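User: Could you take a close look at one part of this model for me, the open sheet, and then work outwards from there? I'd like the strand order, the pairing and whatever packs against it.

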Amino acid sequence: MCGIVGLFAKSEAIEAELGAHLAKMLIQMTERGSDSAGIAVYRNPVTDSIKLTVMAPDNAYDWHDLKNGLLEQIDSDMEMEINANHAVLILHTEPKDIYDWFFLHFPELHINSSGTTIEIYKDKGPPVNVLNRFKVSQFKGTHALGHSRMATESAVTIQHSHPFSTGQDLCLVHNGSLSNHNILREQLQKQGIVFRTDNDSEVAAGYLMQRMRQGDSMDEALERALKDLDGFYTFAIGTRDGFAVLRDPIACKPAVMAETDEWVAMASEYRAIAVLPGADNAECWEPAPAKIYSWNH
Amino acid sequence: MATHNIDLEKTSVRDINQALHELNGTEDRSEWRITNSKGRHAIAVGIDAPLSVNIEGHVGYYCAGMNKHATVTVNGNCGPGVAENMMSGMVRVTGSASQYAGATAHGGLLIIEGDASSRCGISMKGVDIVVNGSVGHMSAFMAQSGRLVICGDAGDALGDSLYEARIYVRGKVVGLGADCIEKPIEDKHRAELKQLLDKAGITDCDAAEFRRYGSARKLYNFNIDNMDAY
């Protein structure tokens, strides 16, 4: 069991308090999983640059060597904002070049996300601890996803925590379990997708990444996922402009969606939506099995 | 009679359920109004008295589970498992219900004014379920007895591995499950259907518009001709 939440702002008022709303939603999902928690937030877009969220092993990590190394490597301005054991870097370079450089020089660091807008924060422990650690309630943004994990098929580590990056400005959170992830992982590894863990959800993220690298749109990749992924899932997928929701055809894993003039929300359970302003009068429905729902700004 | 007003922002679900259970086994007909449900789980579970409970708002999992004698009305939507294992009484949902509404229920009447999603009436054992909207896939899976009335459409694999429950559908059926077949609808069926619609307060559906589905009885009995398969 895990909990998923997603919030898409349709008004500036919701954007200004996006983090506070998402935090309340995710805390409601604590009983669905308190092994680890994570969020993806889309905010402060950069132009002509890339934004990376980098995760260090602990809060005491000394970021100076990374900063000096990066200044030497990319030979231009950069920004670094440290938040607990995470740092958001804004760099004037190409993602591919910098990934290889990171793996070579700073193997202890994990790149949670990469793009122009996305930031991913995650850690072990119940949602309230993780949300407080990164001061998520202070975040503004256009949309965000959150996940509370109850580990069922692989270890409880930060690397096993959701959301998983699935490409530039893309991420995935998953409630469920995949049964064919081992064979899929082998196939995707042969095609050059790198996996950091033995986690099934990371395979779903890698699968979508590979499909979209080959030219599929998000909807096309999800249509194909319905054929190739075997198991139980409710996915929420964050994109630069919005998010998408997909449930497997059996649809055992719960999901509920709601919409008002101010926001669109999805969650594993309605009680995570009930904390939003105007929820009592929201249009509310259960997403149908094997049907893609998406919202874009 | 005075109505007991319970605000779930001030009283816990455990406390309100305990207060309702104090009346179990009595003939108490008091009225209870529960506000600020906000998707909370297991509200009004395990009642065994002819109480009247009105819940204002959406509820989470297993609302009114194991109900006996009480009339529980949810003015909103329900999460999974509403009226699960109900024994008697009546549960009415004015909105829609999530998965496995009325699962394993032995008796009473469950009315869903909106839609019910997948597995509605799974393993039902005598309950009557009336859905004014449509139901999702695998509804009435292994249903043993009772009646499931669907005024809208039914999803795939309706009545899979059905025993003796009777299913009435007014709209389209995406697909029938194993051993579920359409059966002729006779006057006695229309009469019981009309009675169920009347009890549910559904006035805009004519019993003549429904089709009847039931078990072909080829799956659940031992059949000597199938010996090679064992």
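Analyst: Here is the sheet, followed by some other strands and the contact between the chains.

Quick housekeeping: this is a predicted model, where local features need pLDDT of at least 70, side-chain atom pairs count only at pLDDT 80 or more, and totals for chains, interfaces and linings use all residues. Residues are numbered from 1 along each chain as its sequence is written, chains are lettered from A and ligands numbered from 1 in the order in which they are written, and side-chain values use heavy atoms, with hydrogens and water left out.

Now the sheet. In chain A, seven strands form an open sheet in the order β7-β2-β8-β1-β14-β13-β15, with antiparallel pairing. Its edge strands are β7 (118–124) and β15 (283–285) of chain A, each pairing on one side only. From one strand to the next, the twist averages 10°. As for terms, strands (E, at least two residues) and helices (H or I, at least four) are DSSP runs numbered from the N terminus, and two strands pair if DSSP finds at least two bridges between them.

Zooming in, β1 (residues 2–9) and β14 (residues 263–267) of chain A run antiparallel and are joined by five bridges. One bridge partner to look at is A:A265 in β14(A), which goes with A:L7.

What lies across these strands? That's helix α2 (residues 18–28) of chain A, which crosses β1, β2 (36–42), β8 (143–149) and β14 of chain A and runs at about 155° to β1(A). Angles run from 0 to 180 degrees between N-to-C directions, with axes fitted to C-alpha atoms, for helices over the stretch in contact; contact means heavy atoms within 4.5 Å.

Elsewhere in chain A, β3 (residues 50–55) pairs with β6(A) in the antiparallel sense over five bridges, with A:M55 partnered by A:H110. Strand β6 (residues 110–115) of chain A has six of its six residues buried, meaning under 20% relative accessible area (1.4 Å probe, protein chains only).

Lastly, the chains meet through 15 residues from chain A and twelve from chain B. Between them about 1,000 Å² is buried, 45% of that from carbon and sulfur atoms; this is the accessible area (1.4 Å probe) lost on putting the two parts together, summed over both. The rule finds zero salt bridges across the interface of chain B and chain A, a salt bridge being a side-chain nitrogen of Lys or Arg within 4 Å of a carboxyl oxygen of Asp or Glu.

Methods: Buried means under 20% relative accessible area, exposed over 50%, partly exposed in between (1.4 Å probe, protein chains only).
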